[in-house]
Each structure stands twice: as structure tokens, then as C-alpha cells.
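Dear colleague,

I am passing a structure on to you, and below it you will find some notes on what turned up when I went through it. Please read them with the structure open beside you.

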Amino acid sequence: SKHSDKKEHSASMATTIRSGVTITICTAWAAIRPCRRLPLDRTRRLLQLQPPYLSTAFSPQVRCQGVWRSRVRCTSDTSGAPPVTAPGTSDAAAADEVLLEAPGSFRIYRSGKIDRLNDPTILPAGVDEATGVASKDVVLDAGTGLSVRLYLPNKLQDASAKLPVVVYFHGGAFLIGSARDPTYHKYLNALASAAGVLAVSVDYRLAPEHPLPAAYDDSWAALRWVASAQDEWIADHGNASRLFVAGDSAGANIAHEMLVRDGGPRIEGAVLLHPWFSGNAAIEGEPPAAARVTGLLWSYACRGSAAGGADDPRMNPLASPALERLACARMLVTTGLEDGLAARNRAYYDAVAASGWRGRAAWLELEGEGHVFFLGKLECDNAKRLMDRVAAFIADA
């Protein structure tokens with residue numbers, strides 16, 4: 001439904017780019033405009049993008065209110081090479097200069113090093129007292145460290161009943177996060193219980209130590225492993241013919257990539273929770289700075305493997321013809337209307353609906369909520385509403 005116009009916010013907004021870490025992002029991901037639904041014929045106009053390169057310049061010592069910070073002038077391009085050192089700065093000092101900082105989440109240096117400032121706590125698998133869901137870890141590749149955490153609800157009314165299987169990819173800008181951290185462990189327990197599914201949370205490798213496509217390749221390997229039903233939980237309790245992919249933010253981006261790769265398993269549905277997509281140019285209703293910051297992070301995570309900067313089809317599916325061959329029968333796309341990515345999320349949904357894809361697409365937007373709000377407040381009314389919608393979608397109700 002349409003919502004009334006609001007005045008453009010100039011103040012910073014609270015948003016979450018990883019599991020449970022709330023950061024305040026100034027104009028880099030704020031200044032939310034009214035998120036109006038776009039007619040399908042206008043989607044075509046969104047595809048007229050600027051040339052495939054990204055130039056992002058931050059003035060020295062600029063500090064955004066709250067919190068994206070950049071301390072040197074830098075240019076981010078498709079090569080992933082470090083930006084030119086500021087005049088009068090020694091090589092050693094330049095290497096220690098901070099290019100971008102999200103306090104509480106991460107700090108990126110000119111040298112390419114990253115400090116992860118998020119809570120390093122990990123929770124062991126086991127039985128969750130609140131939901132009764134059992135979980136266990138399985139290592140898929142000892143060489144790369146790829147592993148998954150499986151979640152099995154205890155509400156099996158019929159021991160012979162087979163559950164839908166949901167492969168979940170966590171968010172974190174490809175840079176931080178884990179399937180084993182407290183926020184995602186809690187969310188997957190809640191999802192398995194509420195939706196009555198066997199969930200598999202993928203712990204993929206992180207950039208920049210493992211540049212993209214490592215996260216995509218790990219996720220692809222995990223998806224194929226799940227579909228093969230080699231694990232006894234999946235073989236005994238999972239229904240391989242009812243396979244879903246899901247994820248939030250960068251994890252929803254990964255879920256989309258799984259749908260456009262060739263040779264994968266049959267996927268019944270996809271749940272994209274506040275997907276992280278962008279492009280070299282901002283679209284209507286999107287804060288221009290959101291595209292700039294995303295482009296900087298994207299080139300850093302790819303380290304030279306991106307084609308066309310942020311217009312790489314993995315980050316900007318609006319520029320890709322692959323939408324018509326999405327490898328699922330159904331899709332649910334969600335957003336929060338206070339999210340700086342809301343307009344981009346809506347444009348993605350409209351583009352899917354307008355493509356030649358033969359599946360069914362559904363949309364859910366929630367007033368007053370920011371990026372992946374539900375991870376930090378599972379008990380709030382809108383988080384419950386979202387969980388109910390996800391469960392109903394999986395049940396095809």
C-alpha cells in the first residue's frame with residue numbers, strides 16, 4: 001500500500017549491516033526519501049546506468065555524523081588497487097591510514113588490512129532452551145574451512161514427515177559475520193521453530209582475506225551439498241524437493257547469485273530479506289551516497305575481480321538479463337521503509353516481476369524499520385510479522 005510522503009531526513013539513521021551490530025550511518029546510507037512504488041514501465045528507465053566505473057572521493061579528515069568515517073582522499077575503481085597516497089605521506093604511514101570506518105563493525109586501512117570490531121563471540125551448537133531446536137556443525141571442506149550449522153526443530157508431529165529445507169546465508173557486507181555468532185544462531189533457531197523447517201546456515205569465507213567470489217563459491221558448494229542429502233539429518237528429516245535459499249543483506253545478495261548460476265539443484269523458493277544491491281549510479285529514491293559507499297566496499301571485497309565496478313551483475317542485477325532465468329518457482333522480497341536500500345529493493349522486485357521469469361514474486365515492506373532490523377529485535381511486532389510472512393511463504397499459504 002502507498003504510504004504518505006515524508007520530509008527527507010538529513011539526520012543520521014540507525015541501521016544494521018551485520019548480525020546484531022547497529023551502527024549509525026550519516027549521509028553515506030541515510031537521507032531517506034519517501035519510498036514510492038515504481039510502475040513497472042519505469043523500471044526500464046532504471047537500467048540506464050552510468051559508465052562502468054566508480055570514483056569515490058572523501059575529503060581528508062571528513063567525519064560523518066555518527067559514523068562512517070574516511071580519513072584520506074581515495075579513489076575506488078574496478079581494479080581494486082589501493083588509492084594514490086596523499087602528498088607528503090610516507091609509504092609506511094599511508095599503509096596505516098584508515099580509508100573507511102564503521103565503529104563497532106570494521107575499520108579498513110589503505111594497505112588493505114581490516115580490523116573487525118564486531119563481537120567475536122561464537123556460540124556452540126546444541127539444543128536451544130527457548131525453542132527446543134537442536135543444532136550441529138558440519139565441516140564441508142577442511143582445507144578452506146567451509147562449514148555449515150544445521151537446525152532441526154523438535155515439533156515433528158510425524159516422525160516420518162519430511163521438512164522443507166532452507167539454506168541460509170548471513171549478512172555482513174561480505175566482510176564480517178558468522179553462522180555461529182549469537183545473533184544469527186538465535187535467528188536461525190527462531191526461523192526453524194516458527195517455519196517448521198530444517199535450516200542450514202552457511203559459514204562462508206570472508207573478504208578481504210578471501211576476496212569474492214570465495215563467499216559465492218563456498219555458498220554454492222554448500223547448497224549443492226545440502227541438495228545431495230549426504231547428512232543424516234537432511235536424509236532422515238529433510239525434503240530435498242522443497243529446497244529454499246534465504247539470506248539477509250549481503251546474504252540475500254548471495255541467495256540471488258545462487259539462483260542465476262547454471263547447473264544447480266531445483267529450488268522451490270527464495271527469501272530475500274533486505275537484499276544488498278547497488279550500482280554505480282543511484283536510482284530514484286535512493287540516497288546517492290549509498291551507491292558510493294557500496295561501490296567502495298564492493299571493490300574492496302572483490303579486490304579487482306569485479307566487472308564494471310558496482311554495476312557488476314552480482315551487485316547490480318538490474319543491469320543483468322539473468323533475471324528471467326531465476327532458478328526458483330517463487331520469491332519473497334522484503335524491505336524496511338527506513339532502510340537506505342529500500343528503493344533499490346523495490347526496484348529489484350519490480351524488475352523481477354517485469355522480466356520473463358515464470359515464477360511468482362511477493363513483496364513485503366514494513367513502515368518505520370531500518371536495514372535488517374529484525375536481527376536485533378526478534379520480539380518486536382514487525383519482526384514477528386515478518387517471521388509470520390516468511391513462514392507462510394515457505395508453507396505456500
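Helices (H or I, at least four residues) and strands (E, at least two) are here DSSP runs, numbered from the N terminus. Residues are numbered from 1 along each chain as its sequence is written, and side-chain values use heavy atoms, with hydrogens and water left out. Please bear in mind that this is a predicted model, in which local features need pLDDT of at least 70 and side-chain atom pairs count only at pLDDT 80 or more, while totals for chains, interfaces and linings use all residues.

I begin with the loops. Pro-213 sits in the loop between E11 and H4, and the peptide bond that joins Leu-212 to Pro-213 is cis, with an omega of about 20°. Pro-208 is likewise found in the loop between strand E11 (198–203) and H4, and the bond leading to Pro-208 from Ala-207 is cis, with omega near 0°. In the loop between strand E10 (163–169) and H3 lies Phe-174, whose phi is positive, near 70°, although the residue is not glycine. For background, most residues other than glycine have a negative phi, and most peptide bonds are trans.

Next come two helix pairs. H3 and H9 pack at an angle of about 50° with their axes 9 Å apart, where axes are lines fitted to C-alpha atoms, for helices over the stretch in contact, and angles run from 0 to 180 degrees between N-to-C directions. The two helices H3 and H9 are therefore oblique to each other, a word used for angles outside the ranges under 35 degrees (roughly parallel), over 145 (roughly antiparallel) and 65 to 115 (roughly perpendicular). Their contact (heavy atoms within 4.5 Å) is made by Tyr-187, Ala-190, Leu-191, Ala-194 and Ala-195 of H3 together with Met-387, Val-390, Ala-391 and Ile-394 of H9.

Helix H4 (residues 214–228) and helix H6 (residues 250–260) pack at about 65°, with axes 10 Å apart. Here Ala-215, Tyr-216, Ser-219, Trp-220 and Leu-223 in H4 meet Asn-253, Ile-254, Glu-257 and Met-258 in H6.

Finally, there is the largest pocket (on a 1 Å grid over the protein atoms alone, an open set of points where a 1.4 Å probe fits, with protein on both sides within 12 Å along at least five of seven lines; lining residues have an atom within 4 Å of a point). The largest pocket is lined by 15 residues, of which Lys-186, Ala-190, Leu-378, Glu-379 and Met-387 lie nearest its centre. Helix H3 (182–195) and helix H9 (381–395) each supply at least two residues of this lining, and the largest share, five residues, comes from H9.

With best wishes
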